[in-house]
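Subject: Structure handover

Hi,

Here is the structure I promised you. Please open it before reading on; my notes follow below.

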Amino acid sequence: MAEETTAQQQPLVIKMQFIKDLSFENPNSPMIYPMMSEKAPQLDINVDVTPTQLSDTAYEVVLNIRGSATIDDKTAFMVELDYGGVVTLAEGLEAQIVELLLMVESPRYLFPFARNIVADITRDGGFPPLIMNPIDFHQMFMQRKSEAAAAEANAEMAKDETTADA
């Protein structure tokens, strides 16, 4: 009973975590391995966060991780991981707090587990483990908000110019 009361008072509770989708491709094996010993690969990693509301207080938060390594024009590997969690939020939270919990705090808790999966799958694919650096999800969130505001302002300006030309 005390555990239930504590869980209800916490603003964020992670109920479960899971691999939603995982893909690893090693298209140029085994020829790529000698190339890697001669030249370091170019890494490209993209991370995104996708929240989906399941009920009034339950959400699915998915970390979408896409990574690839190339040497010259040859792909060494490609990894795609959608790592999800089901979280519940306390009732009555302000919309801004909900957004921060879903886009910053939830991914911050999920990331170490997703990072481990990516490291393991690349190692199991015959490569050195891809150890991703920690991600500042707050900065990522603020950048995304800034870009959305700029895009909205540009769309508004374009609409105003179209109206003025008419």
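How many residues does the largest nonpolar core have, and which of them have the most contacts inside it? The core has 34 residues, and Leu63 and Phe137 have the most contacts inside it. Keep in mind that this is a predicted model.

Six elements give two or more residues each to this core. They are the helices α2 (32-38), α3 (95-124) and α4 (137-165), plus the strands β2 (42-53), β3 (58-71) and β4 (74-89). The top contributor is α3, with 10 residues. As a general point, nonpolar side chains tend to be buried together in soluble globular proteins.

Leu63 deserves a look. Beyond its neighbours within four places in sequence, Leu63 contacts Val47, Asp48 and Val49, then Leu81, Asp82 and Tyr83. Its other contacts are Pro107, Leu110, Phe111, Ala114 and Phe137. So Leu63 and Phe137, named above for their contacts inside the core, also touch each other, because their heavy atoms come within 4.5 Å.

Now the sheet. Four strands form an open sheet in the order β1-β4-β3-β2, and the pairing is antiparallel. Which strands stand at the edges? They are β1 (12-25) and β2. Each has a single partner strand, so one side of each lacks a neighbour in the sheet. On average, neighbouring strands are turned by 15° against each other, direction ignored. Helix α3 lies across β1, β2, β3 and β4, and runs at about 140° to β4.

Strand β4 ties much of this together, so here are its details one by one:

- Burial: β4 is mostly covered, with 12 of its 16 residues buried.
- Pairing with β1: 12 bridges join the two antiparallel strands. Glutamine 17 stands opposite glycine 85, and leucine 12 stands opposite leucine 89.
- Pairing with β3: 14 bridges join these strands, again antiparallel. Alanine 69 stands opposite phenylalanine 77.

Is threonine 88, a residue of β4, buried or exposed? Its relative accessibility is 19%, so threonine 88 counts as buried. The cut-off is under 20%. Leaving out residues up to four places away in sequence, threonine 88 touches Pro11, Leu12, Val13 and Lys15, as well as Thr57 and Ala58.

Two backbone features to check.

The first topic is the turn. β3 and β4 form a hairpin with two residues between them. Aspartate 72 is found in that loop. Its phi is near 55°, a positive value in a residue other than glycine. Aspartate 72 is exposed, with a relative accessible area of 56%.

The second topic is a peptide bond. Going from serine 29 to proline 30, the bond is cis, with omega near -5°. Proline 30 is found in the loop between β1 and α2.

Over to you.

Best wishes

Key:
Residues are numbered from 1 along each chain as its sequence is written. This is a predicted model: local features need pLDDT of at least 70, side-chain atom pairs count only at pLDDT 80 or more; totals for chains, interfaces and linings use all residues. Side-chain values use heavy atoms; hydrogens and water are left out. A nonpolar core is a set of buried Ala, Val, Leu, Ile, Met, Phe, Trp, Tyr and Cys residues joined through side-chain atoms within 4.5 Å. Buried means under 20% relative accessible area, exposed over 50%, partly exposed in between (1.4 Å probe, protein chains only). Two strands pair if DSSP finds at least two bridges between them. Axes are lines fitted to C-alpha atoms, for helices over the stretch in contact, and angles run from 0 to 180 degrees between N-to-C directions.
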